[in-house]
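Here is a quick tour of one protein model and the ligand that comes with it. Have the viewer open and follow along.

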Amino acid sequence: MMIKVLGSAAGGGLPQWNCNGRNSADARKGAAGLTPRTQASVAVNADGAQWVLLNAAPDLRQQINETPELHPKPDAAPRNSPIKAVVLTNGDVDAVAGLLTLREGQPFTVYGTERVLGVLAANSIFDVLDAHLVKRVVMGFERPFAVEGPSGPVGITIEAFPVPGKVPLYLEDAKAGAGLGTQEGDTVGLKVTETSSGRHFFYVPGCARLDDALRARLKGAPLLVFDGTLYTNDEMIAQGLLNKTGERMGHMNMSGSAGSIAEIAPLAVGRKIFIHINNSNPALRQGSPERTAVEKAGWEVSYDGMEVKV
Ligand code: MLT
Ligand code: MN
């Protein structure tokens, strides 16, 4: 199975359009060690031809153009695409807005939890994806299914499982208390398996904390692609970017005793890769002390165009 990182950044990307923080400003200047990044999405392929997107970022048009494997086949019909399905892990703007790029009458399948498909159903702009061509299929929890495109299974099996997270920003309900109206199914992780070989990895681009269920699930995993939004819980506040902690945004941070590096260390995960990395995160900068600490702890920081073979 081949995984291609289409985008490695969190919402906003690097640089972010209105951000004058140190990473965005330096990335804009072309400073060494800071490569521009688009918003988080990966493409997965098992049969050499049919691709499944895990989330559809607002940058999807650019990501497709920069990824030859996702281009239409030159020797096929006037309209064709190797993208056969999109699997959604949440309803955030940076996970679903790219669906609008996939209009133009192309058949494919969209998978999401009841909660996430409910978000699409409640926003009529997504009806630009003709329901006769673009099937929406509900993913239950812990029920592995063969991903199907318009012409049948694509050789990939997916299992969705709930992870601690948060309702999308634009649906937060301040009156609903600390959870802001978050329900199970607002954020999920995916176990992605090559059907023929059983080889698999876990995709968890958004996670508020590790609970016992998630610990048990990830224990001994061969590969984990995980939420790398922030290095420290309060870095956005410290940099004057936004008055919110990672905790408030539904993202656990990398560093510290309750951070993802320390929490995941005992789980004996074979290969660990961060994705959905916010433009405030100092570990984005190659050679920074934070990046060095991340790498010393056995983690990789994904980048746009990264290829991972499973
Ligand atoms: C997040 O990951 O917390 C969201 O993408 C934030 C947002 O919607 O801007
Ligand atoms: Mn996000």
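What follows starts at the ligand and then moves out to the backbone, a salt bridge and the surface.

A word on conventions: this is a predicted model, where local features need pLDDT of at least 70, side-chain atom pairs count only at pLDDT 80 or more, and totals for chains, interfaces and linings use all residues. Residues are numbered from 1 along each chain as its sequence is written, chains are lettered from A and ligands numbered from 1 in the order in which they are written, and side-chain values use heavy atoms, with hydrogens and water left out.

**The ligand.** Around ligand 1 you'll find Asp92, Asp94, Met249, His251 and His276, each with a heavy atom within 4 Å of it. Three of these residues place a polar side-chain atom by a ligand oxygen, as the table shows; a polar contact here is a pair of N or O atoms within 3.5 Å.

| Residue | Partner | Distance |
|---|---|---|
| Asp94 | oxygen atom of ligand 1 | 2.9 Å |
| His251 | oxygen atom of ligand 1 | 2.8 Å |
| His276 | oxygen atom of ligand 1 | 3.1 Å |

On its own, ligand 1 has 270 Å² of accessible area, and the protein covers 74% of that (Shrake-Rupley method, 1.4 Å probe). Ligand 1 sits in the largest pocket.

**Backbone oddities.** Most peptide bonds are trans, and most residues other than glycine have a negative phi. Leu14 and Pro15 are joined by a cis peptide bond, with omega at about -10°. Pro15 belongs to the loop between β1 (2-7) and α1 (22-29); helices (H or I, at least four residues) and strands (E, at least two) are DSSP runs numbered from the N terminus. Asn55 has a positive phi, near 75°, and lies in the loop between β3 (51-54) and α2 (60-65).

**A long-range pair.** The whole structure has 14 salt bridges, meaning a side-chain nitrogen of Lys or Arg within 4 Å of a carboxyl oxygen of Asp or Glu. One joins Arg285 to Asp26, with the closest N and O atoms 2.9 Å apart. These partners are 259 residues apart: Arg285 is in the loop between β12 (271-275) and α9 (289-296), while Asp26 is in helix α1.

**On the surface.** Val93, Tyr170 and Leu171 make a nonpolar patch of about 270 Å²; patch residues have over 30% relative accessible area and no salt bridge, and nonpolar side chains (Val, Leu, Ile, Met, Phe, Trp, Tyr) are joined within 5 Å. Val93 is part of helix α3 (residues 93-96).

Key: Patches are made of residues with over 30% relative accessible area and no salt bridge: like charges are joined within 9 Å, nonpolar side chains (Val, Leu, Ile, Met, Phe, Trp, Tyr) within 5 Å. A polar contact is a pair of N or O atoms within 3.5 Å; within protein, one must be able to donate a hydrogen and the other to accept it, and residues adjacent in sequence count only if both atoms are side-chain atoms. On a 1 Å grid over the protein atoms alone, a cavity is a set of points where a 1.4 Å probe fits but cannot get out, and a pocket is an open set with protein on both sides within 12 Å along at least five of seven lines; lining residues have an atom within 4 Å of a point. A molecule sits in a cavity or pocket if more than half of its atoms lie within 2 Å of its grid points.
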